[in-house]
Amino acid sequence: MKKIIFTSLLSLFALTSCEDWFDITPKSELKADDFFQTEQGMRDALIGIYATMSNETLYGGQMTMTYMDALGQYYSSIGNTLHSFYYAYNYDYTNSSEEERKDGIWKALYNAIANANSLLERIEENKSVLPEGEYELIKGEALGLRAYLHFDVLRLFAPSPAMNNGLNRSAIPYVDKLTNQLFPRLTTGEVIDRIVQDLTEARNLLSLVDPYGPRHNEYDLENLSGIWKGREYRMNYYAVTGELARVLLYQGSQESKSQAFTYATEVIKSELFPLISSADLSGADQNGFVQENLFALEDVGLEDNIVDIYFNVTNSSSNYLALTGNTIDNIYPASLSMDYRRLWWVETSGSDNLITKYNYSERVPLIKVSEMYLIATETASNPTDATYYFNQLQYHRGLPNDEITAENMQAKLLAEYAKECIAEGQTFFAYKRMGMSVAPITQKALSDPEAVYILPLPTENTNFTN
């Protein structure tokens, strides 16, 4: 087991030894109690969850543009054993460095979950110190983050519903409290149910108070202040709704897909996160298409820790991450060279192509409105509606209309995920969700898809009973 110790305002808990994970000493408990007895303390606790998530071990690197996209087979520059992502690119999870990496991601995700649980526990005890509306806002946000984090643990370390008997197979624990007790491993279906439960409660709470919610017309969104400011990037009502659409699509039943369509189109119809247009691309600050983000993390260290190391280096560097000409042509065919994503997110450097999505933006997108269009395409009740949503995205990417049919839908959607989610870590998950027996991008046949798409659980430092 692991140990959690209260440490600071911005990073509430730190992982230490492999003993007594959820034990909290009386001294630490006292510090926690003092910290959460003020409005500012609870605000800082919420910020601390985002700070943990933006770390390079999680969404400031590994869970988005580096490790997950190495698994997604984007970076064809990974050609020798000296490269830090060589074994990840080749799905060798038993290599000692890869085992350490994936186990570190597991620990970091559950550490962030522990932070959310601490806040959720203390907010009930101290809700009286919060001004009107802040209890619902902070609790809803923390519930949404806890669900988001669990879903990514599930997508990495458990069978997907598309796999043989996937919903009923043993998956991961759903950790919903701070305690010295261990948690049982639930099935994939049970974990999804718990995630949906948290997201539904979060959505109900946020619907009452969130300026970026169903009552957004009642707010002056340009002049929000305090905790209400910057909610277009936080786990707001529409981010929770978008995550619900993502989770229900993953669940895979006809009923859940119908619900996913409802949630995805609700986000689209809000018009708060408009798709980019050609007129919006006149400035470098729009390089990341940030107006489309339902939920994003600000990572002030992104340039120094990621961009300069992996994407803005000479081709002689052993660790640079680039796409060769063949790979970029597979993703963005030459016949569609006008694609805004190809023009703004990748640049040619000699024989390679380097990611430029983060050269002018510190926002790391975690949920985007473009994904809502892809979900609406996949879950629409008829080909006409599917084609409509697909072509809305095509138009806003500078591309001609296309037709979606039952026969071509999967191939069209996977091609769009590859284009849309470059350097964001989502393509690997799209292939896993659809039960593919080939690797992303390269389409290389896999002799054992489950060995690729289910990362092995840590052999120690876990937090479950079986």
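Helices are DSSP runs of H or I, at least four residues long, numbered from the N terminus. The model shown in these views is predicted.

**View 1. A salt bridge within helix α2, between E39 and R43.** Helix α2 spans residues 39-53 and contains both E39 and R43. The two residues are four apart, about one turn of the helix. Their side chains meet in a salt bridge, with an N to O distance of 2.7 Å. E39 has a relative accessibility of 25% and counts as partly exposed, because that class covers values between the 20% limit for buried and the 50% limit for exposed.

**View 2. A salt bridge within helix α6, between R155 and D152.** The N to O distance between the side chains of R155 and D152 is 2.7 Å. Helix α6 covers residues 134-157, and because R155 and D152 are three residues apart in α6, about one helical turn separates them. Both ends of this salt bridge are covered: R155 counts as buried at 3% relative accessibility, and D152 counts as buried at 1%.

**View 3. A salt bridge between helices α16 and α13, formed by R433 and E378.** The closest N and O atoms of R433 and E378 are 2.8 Å apart. R433 belongs to helix α16 (residues 427-433) and E378 to helix α13 (residues 369-379), so the pair ties together parts that are 55 residues apart in sequence. R433 counts as buried, with a relative accessibility of 12%. E378 is also buried, its relative accessible area being 16%.

**View 4. A network of salt bridges.** The linked acidic and basic residues are E292, D339, R341, K357, K368, R397, E416, K419, E420 and E424. Side chains of opposite charge can pair when their charged atoms come close. The structure as a whole holds 30 salt bridges.

**View 5. Strand β7 and its pairing with strand β3.** Strand β7 is made up of residues 363-368 and is mostly covered, with five of its six residues buried. Strand β3 (residues 293-298) runs antiparallel to β7, and five bridges join the two strands. At one of these positions, E298 has R363 of β7 as its bridge partner.

Conventions
Residues are numbered from 1 along each chain as its sequence is written. This is a predicted model: local features need pLDDT of at least 70, side-chain atom pairs count only at pLDDT 80 or more; totals for chains, interfaces and linings use all residues. Side-chain values use heavy atoms; hydrogens and water are left out. Buried means under 20% relative accessible area, exposed over 50%, partly exposed in between (1.4 Å probe, protein chains only). Two strands pair if DSSP finds at least two bridges between them. A salt bridge is a side-chain nitrogen of Lys or Arg within 4 Å of a carboxyl oxygen of Asp or Glu.
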